[in-house]
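The exercises below work through a predicted model, and each pairs a task with a solution that proceeds step by step. Please keep the sequence and the coordinates at hand while reading.

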Amino acid sequence: MKKRTAVAASWLLWLWLAAVIVGAFEYAPLAAKFIGQSSRILFFHVPMAWAAFTAFITAGVYSVRYLFGGRSQGSPRDPRHDRAARAAIELGLLFGLLATVTGAVWSRIMWGAYWNWDPRQTSIVMALIFNGAYLALRDAVEDAEKRARLAAAYAALGLVVTPFFFFVVPRITFSLHPEPVINARGRVEMDPRMLQVLLASGAGFMALFFWLHDLRTRVLAVADRVLEAAAAGAPSASSARATGTSAPHLGEPRTGADPATASQRTSN
Amino acid sequence: MFAKEWRSEIRTRYALNTLALFAVNTLVVVSASLGPLGAAPGRSSETLPVLLWLILLFAAAAGLPRSFVHEEETQTATALRLAATPSALFCGKLAYALTLLAALEALVAPLFLAVMNLDVARPGLLIATLAAGGFGLAAGSTLVAAIIAQARGKGTLFAVLSFPVLLPLLLLAVELTRSAFAGGGPPGQGGQGGQGEAGVALMQLLLYDGAVTTAGLMLFPVVWNP
């Protein structure tokens, strides 16, 4: 029953997003002062940036919860929080990249250059680099518990540092930027129909993020269980691989690399 | 802890020599490629602060992670875990990094000014910026160093991880150094606007220092203890 509700909800989400696409091209009017059809990309670009931002906050919150929050049996920390943080970082990277690319395309049309260190461009690039660094750190640590601990500490540090971008970057770049560049973004008087589509799209992307986040967290949980089973039951790499292939529905390239990691862990 | 750190440092002189040599080398490269006249007049107070802080950042990245990596490599980390509480350890390492950076700044900043033919309009602000910036640099890199010491590929990883953490600091420090070189505001207006701006930036820099140090004190125990 629960599964059926989830399936229905995901179909509803797809319909909702399809309606947003139609609305963005057919229902919403073009914004004044925008070149050509370029304002339509904002219905996707802005929600993507929101989703990336939400992902960043989500990752930070789960990391702090991992470090200082709940406990599970046997272990001082709850690995579920770690998986949730990692899934959020990965999705944040995805949404952040999409937001950056769509933003750069729009910026080329409106401002004449793909890139000009607008305050928001600066902060999203920092978020991307941060997410990449987080994943690089994870790759560089072998032991699972240690990896989770260090990565969570790094994400928490990121959560402490990022507010400074919001205070510092606009103040500095404002003095470098000519007025009109900043003003081009300030669309305070928005057409109500544009606002409706934008908010609908924002809600859709937010739901999409949390849905994907749930999926990714569960995939990571299954992958961890496979690893654990391989480490506990099978001393050799070949049987670990057998365990890995017994879950073919995972469909994740990461699980292909798991037997190697599993054999390393058992040999330790 | 702080005393122990310096004793072992004086015995090997590894970090100190590397840092000083690295910083001076970079300075020479920068200065030589700019040519005998320095940067173009008029542009110099815009670009030179960036170069100064880049030299400091890379020198720090070359020397500072050493302090934790060394503990892991020689397997003295376990003894340290037993001997000292994490917060004492963090403060000790931080104080060590701080003095190291202060020494580095005391070496590099006058040299930089001399080589680049710079006049400092507000020396007090420059010193305050160097002090506060050095503190933030030390606090941020100490925590990141503790993180990467337990991972593989330490050197590169330090640069990758510390960059996003230290960037707000660098932006602020460069901005402050710029206004220290150039003096506040356009002449004739008493520099009031420039002074207010610099005051805000200095406040934010100190806030950053406080935030990163607090985060370090809170996060270090979980990074350090398995």
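**Exercise 1.** Decide whether Met126(A) is buried or exposed, and describe its surroundings.

*Solution.* The first step is to count neighbours: 20 other C-beta atoms lie within 10 Å of Met126(A). Since a residue is classed as buried when 20 or more other C-beta atoms lie within that distance, Met126(A) is therefore buried. The next step is to place the residue in its element, which is helix H4 of chain A. Setting aside neighbours within four places in sequence, one then finds Met126(A) in contact with Phe165(A) of its own chain, and with Pro164(B) and Leu167(B) of chain B. As a last check on the fold around this position, Thr162(A) is 36 residues from Met126(A) in sequence, while their C-alpha atoms are 8.8 Å apart in space.

**Exercise 2.** Characterise the side of chain A that touches chain B, by element and by residue class.

*Solution.* The contact draws 25 residues from chain A and 26 residues from chain B. On the chain A side, the elements that give two or more residues are helix H4 (119-139), helix H5 (144-161) and helix H6 (163-176). Of these, H5(A) supplies the largest share, with 10 residues. Sorting the chain A side by class then gives 22 nonpolar, 1 polar and 2 charged residues.

**Exercise 3.** Find which residues have the most contacts inside the largest nonpolar core, and examine Leu137(A) in particular.

*Solution.* The largest nonpolar core has 108 residues, and those with the most contacts inside it are Ala52(A), Leu137(A), Ala153(A), Tyr154(A), Leu56(B) and Ile147(B). Taking Leu137(A) and leaving aside its neighbours within four places in sequence, one finds contacts with Leu150(A), Ala151(A) and Tyr154(A), together with Ala151(B), Leu157(B) and Leu161(B) from the other chain. Apart from the largest core lies another, of 8 residues, including Val20(A), Leu42(A), Met194(A) and Leu198(A).

**Exercise 4.** Compare the span of helices H3(A) and H7(B) with the expected values.

*Solution.* Helix H3 of chain A, residues 79-111, has 33 residues and reaches 46 Å from its first C-alpha to its last, which is close to the 48 Å expected at 1.5 Å a residue. Just after H3(A), Gly112(A) adopts a positive phi of about 90 degrees. Helix H7 of chain B, residues 123-148, has 26 residues and reaches 36 Å, close to the expected 38 Å. H7(B) is also mostly covered, with 21 of its 26 residues buried.

Note on methods
Residues numbered from 1 in each chain as written. Chains lettered and ligands numbered in written order. Predicted model: local features only at pLDDT ≥ 70, side-chain atom pairs only at ≥ 80, totals over all residues. Helix = DSSP H or I, 4+ residues; strand = E, 2+ residues; numbered from the N terminus. Expected span 1.5 Å × (residues − 1). Contact = placed C-beta atoms within 7 Å. Nonpolar A, V, L, I, M, F, W, Y, C, P; charged D, E, K, R; others polar. Core = buried A, V, L, I, M, F, W, Y, C linked by C-beta atoms within 7 Å. Buried ≥ 20, exposed ≤ 12 C-beta atoms within 10 Å, placed from the backbone.
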